[in-house]
Amino acid sequence: GRGAAEAARGQEAMRIGHGYDAHRLVPGRKLILGGVEIPFALGLLGHSDADALAHAVTDALFGAAGLPDIGAHFPDTDPAYEGADSMLMLKEAAAEVAALGLRVENIDCTLVADRPKLSPDLPRMRENLALALGVAPERVNVKATTEEGLGLAGEGIGAHCVALLREEP
Ligand code: MG
């Protein structure tokens, strides 16, 4: 609920959260980001489908809500999440924060990948994330950058997300 001070000023309380995730690129795995399967020789290694973007968004929601992280919610030691569709985990996270009276104002994501080129798939990731969060696509942004061989150096893909949630009065 809204704090007394905010209510007195007629302002809504906002909460910000940040999520970061990275997974290694390996042969023999699908490359899935934001629920979009991207045709590429390598895919991301992980217990679930290793959708680093979905994981970053999930952790940003949990972060804004002051909840434990994705690993605490969906343990990678739990066989139930082996090969799991991470967009379903994101939907669960969205439902959990909604139940706390928090609405997604917007999210902004940055993918970090020297390979493959992700720009053609960004609009579909945006649509998928908006659908999972139950918000208009205008409230979701997904961008991509490279690290010029300095960071993950093509060995993996990283994803950052910040989420702004509004406390419902
Ligand atoms: Mg992950």
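Biologist: Leaving aside its neighbours within four places in sequence, which residues is Thr58 in contact with?

Modeller: Thr58 is in contact with Ile70, Phe74, Met89, Leu90 and Ala93. What makes each of these a contact is that heavy atoms lie within 4.5 Å. Keep in mind that we are looking at a predicted model.

Biologist: Where does Thr58 lie, and why is Thr58 called buried?

Modeller: Thr58 lies in helix 2. Its relative accessible area is 0%, and buried means under 20%, so Thr58 counts as buried.

Biologist: Phe74 was among those contacts. What makes Phe62 and Phe74 a tilted pair?

Modeller: Two values are needed here, because a pair of aromatic rings is described by the distance of the centres and the angle of the planes. The ring centres of Phe62 and Phe74 are 6.5 Å apart and the planes stand at 35°. Rings pair if their centres lie within 6.5 Å, and planes under 30 degrees count as stacked, over 60 as edge-to-face and the rest as tilted. The angle of 35° belongs to that last group, so the pair is tilted. Phe62 is in helix 2, while Phe74 sits in the loop between helix 3 and helix 4, 12 residues apart from it.

Biologist: And why is the pair of Phe74 and Tyr81 called edge-to-face?

Modeller: Here the centres are 5.3 Å apart and the planes are at 80°. That angle is over 60, so the pair is edge-to-face. Ring pairs thus link Phe62, Phe74 and Tyr81 into a cluster.

Biologist: How do you know whether these three rings are buried or exposed?

Modeller: Set each value against the cut-off of under 20% for buried:
- Phe62 has 0% relative accessibility, so it is buried.
- Phe74 has 8%, so it is buried.
- Tyr81 has 18%, so it is buried.

Biologist: Let's turn to the metal. Which residues coordinate the magnesium ion, and what makes their atoms donors?

Modeller: The magnesium ion is coordinated by Asp21 (OD), His23 (NE2) and His55 (ND1), at 2.1 to 2.2 Å. Donors are N, O and S atoms within 2.8 Å of this metal, so these atoms qualify. Along the chain, the donors follow the spacing D-x1-H-x31-H. His23 lies in strand 1 and His55 in helix 2, so the pair ties together parts that are 32 residues apart in sequence. His23, with 17% relative accessibility, counts as buried, and His55, with 9%, is buried too.

Biologist: What makes the buried residues of helix 5 line one face?

Modeller: These residues are Leu122, Met125, Leu129, Ala130, Ala132 and Leu133. Seen down the axis of helix 5, they fall within an arc of 160°, so they line one face of the helix. Their packing partners include helix 2, helix 4, strand 5 and strand 6.

Biologist: How do you know how far helix 5 reaches?

Modeller: Helix 5 has 12 residues and reaches 16 Å from its first C-alpha to its last, close to the 16 Å expected at 1.5 Å a residue. Just after helix 5, Gly134 takes a positive phi of about 70°.

Biologist: What about charges? Why is the pairing of Asp108 and Lys143 called a salt bridge?

Modeller: Side chains of opposite charge can pair when their charged atoms come close. Between Asp108 and Lys143, N to O is 2.7 Å. A salt bridge needs a side-chain nitrogen of Lys or Arg within 4 Å of a carboxyl oxygen, so this pair passes. Asp108 is in strand 5 and Lys143 in strand 6, 35 residues apart.

Biologist: Why is Asp108 called partly exposed?

Modeller: Its relative accessible area is 27%. Partly exposed lies between under 20% for buried and over 50% for exposed, so the name fits Asp108. Lys143, at 30%, is partly exposed as well.

Biologist: How do you know that Lys30 is exposed, and which residue does Lys30 pair with?

Modeller: The relative accessible area of Lys30 is 52%, which is over 50%, so Lys30 is exposed. Lys30 forms a salt bridge with Glu37, the closest N and O atoms being 4.0 Å apart.

Biologist: How many salt bridges does a search of the whole structure find?

Modeller: The search finds 7 salt bridges. Another one joins Arg103 and Glu168, at 3.5 Å from N to O. Arg103 lies in strand 5 and Glu168 in the segment after strand 7, so the pair ties together parts that are 65 residues apart in sequence.

Methods. Residues numbered from 1 in each chain as written. Heavy atoms only, no water. Donors = N, O, S within 2.8 Å, 3.2 Å for Na, K, Ca; no water. Helix = DSSP H or I, 4+ residues; strand = E, 2+ residues; numbered from the N terminus. Buried < 20%, exposed > 50% of the residue type's maximum accessible area, 1.4 Å probe, protein only. Expected span 1.5 Å × (residues − 1). Arc of directions from axis to C-beta. Phe/Tyr/Trp six-rings, centres within 6.5 Å; stacked < 30°, edge-to-face > 60°.
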